[in-house]
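Q: Please take a close look at one part of this structure for me, the salt bridges. Start with the background I need, then go through the pairs.

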Amino acid sequence: MDATLIRQLVWLDYRLALLFIVLIPFGLLIWALRSGSEAIKRSLLLYWRVASLVLITIYLAIGSLGISYISGIVAAVLIVLALWFWQDLNEDIDASKKSLKPIYLGWRWATTVYCSLSVVFRLIFANCAFMNAEQLSDICKIWFEPPLSFSTTFHNGVPVENLAFVGAVGGIVYMLYLFSFLAFSLPKTGRIAFRD
């Protein structure tokens with residue numbers, strides 16, 4: 001593939017992530033809190049727990065760590081699962097009469113499509129995760145450009161090693177929480193997010 005096309009697609013992927021994974025759900029959460037839409041509020045709070053892996057991925061990519069390729073794929077898969085997995089929330093949202101419901105459902109479908117396409121695109125470059133920093137091709141390094149731009153914008157002057165360390169610690173905490181959830185909570189609760 002042409003490097004220019006890949007660069008454009010990588011930047012498009014990051015811009016769409018900003019839209020579908022950050023800005024729209026943040027606006028929906030504020031709307032849900034103000035309108036009293038309990039099911040959508042709960043769904044979005046669970047979503048934000050899962051979506052925090054995207055921020056961790058960005059910090060790992062700032063440090064040019066290969067694991068960021070894998071965590072980006074895992075984040076997109078987990079986001080889709082978080083949006084559709086919880087049976088009680090899905091039933092409550094379906095039964096809701098709030099004006100927020102159709103907008104939330106549209107966002108959920110759009111995010112599912114975006115994340116699915118993003119996973120397919122990222123899988124093409126998954127082999128970059130298993131290369132040393134010195135072995136990375138110019139194509140693989142393109143994936144680090146948007147996170148480095150983020151770093152320059154929000155953390156100007158902070159060494160990338162420090163930001164990568166924050167990402168690594170966040171990743172370890174996230175994985176411990178995920179494994180704890182899978183081993184202990186999920187077997188007890190199944191697909192029920194909140195028990196009354």
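A: Of the 196 residues in the chain, 42% are buried, where buried means under 20% relative accessible area, exposed means over 50%, and partly exposed is what falls in between (1.4 Å probe, protein chains only). Bear in mind that this is a predicted model: local features need pLDDT of at least 70, side-chain atom pairs count only at pLDDT 80 or more, and totals for chains, interfaces and linings use all residues. Residues are numbered from 1 along each chain as its sequence is written, and side-chain values use heavy atoms, with hydrogens and water left out.

The fold is quick to describe: 8 helices and 0 strands, both being DSSP runs numbered from the N terminus (H or I over at least four residues for a helix, E over at least two for a strand). Their C-alpha atoms sit in a box of roughly 55 × 35 × 30 Å along the principal axes. The radius of gyration is 18 Å, which agrees with the value near 16 Å that a compact globule of 196 residues would have; that rule is 2.2 Å times the number of residues to the power 0.38, and the radius is taken over C-alpha atoms. Take the contacts (heavy atoms within 4.5 Å) between residues at least 6 apart in sequence, and 78% of them join residues at least 24 apart.

Now the charges. The chain carries 15 positive and 12 negative side chains, with the centres of the two sets 9 Å apart. Lys and Arg count as positive, Asp and Glu as negative, while His and the chain ends are not counted; each charge is placed at NZ of Lys, CZ of Arg, CG of Asp or CD of Glu. Searching the whole structure turns up 4 salt bridges, meaning a side-chain nitrogen of Lys or Arg within 4 Å of a carboxyl oxygen of Asp or Glu.

One of them pairs E145 with R7, at 2.9 Å from N to O. That one ties distant parts of the chain together: E145 is in helix α7 (residues 145–154) and R7 in helix α1 (residues 3–35), 138 residues apart. Each partner is partly exposed, E145 at 27% relative accessibility and R7 at 33%.

Helix α2 has a more local story. E38 bridges to K41, with the closest N and O atoms 3.2 Å apart; both lie in helix α2 (residues 38–62), 3 residues apart, or about one turn of the helix. E38 also meets R42, at 3.5 Å from N to O, and since R42 and E38 are 4 residues apart in helix α2, about one helical turn separates them. Put together, E38, K41 and R42 form a network of salt bridges. E38 is partly exposed at 39% relative accessibility, and R42 is partly exposed too, at 25%.

For a contrast, look at T111 in helix α5 (residues 101–123). T111 has a relative accessible area of 0%, so it counts as buried. Setting aside its neighbours within four places in sequence, T111 is in contact with F20, I79 and L83.
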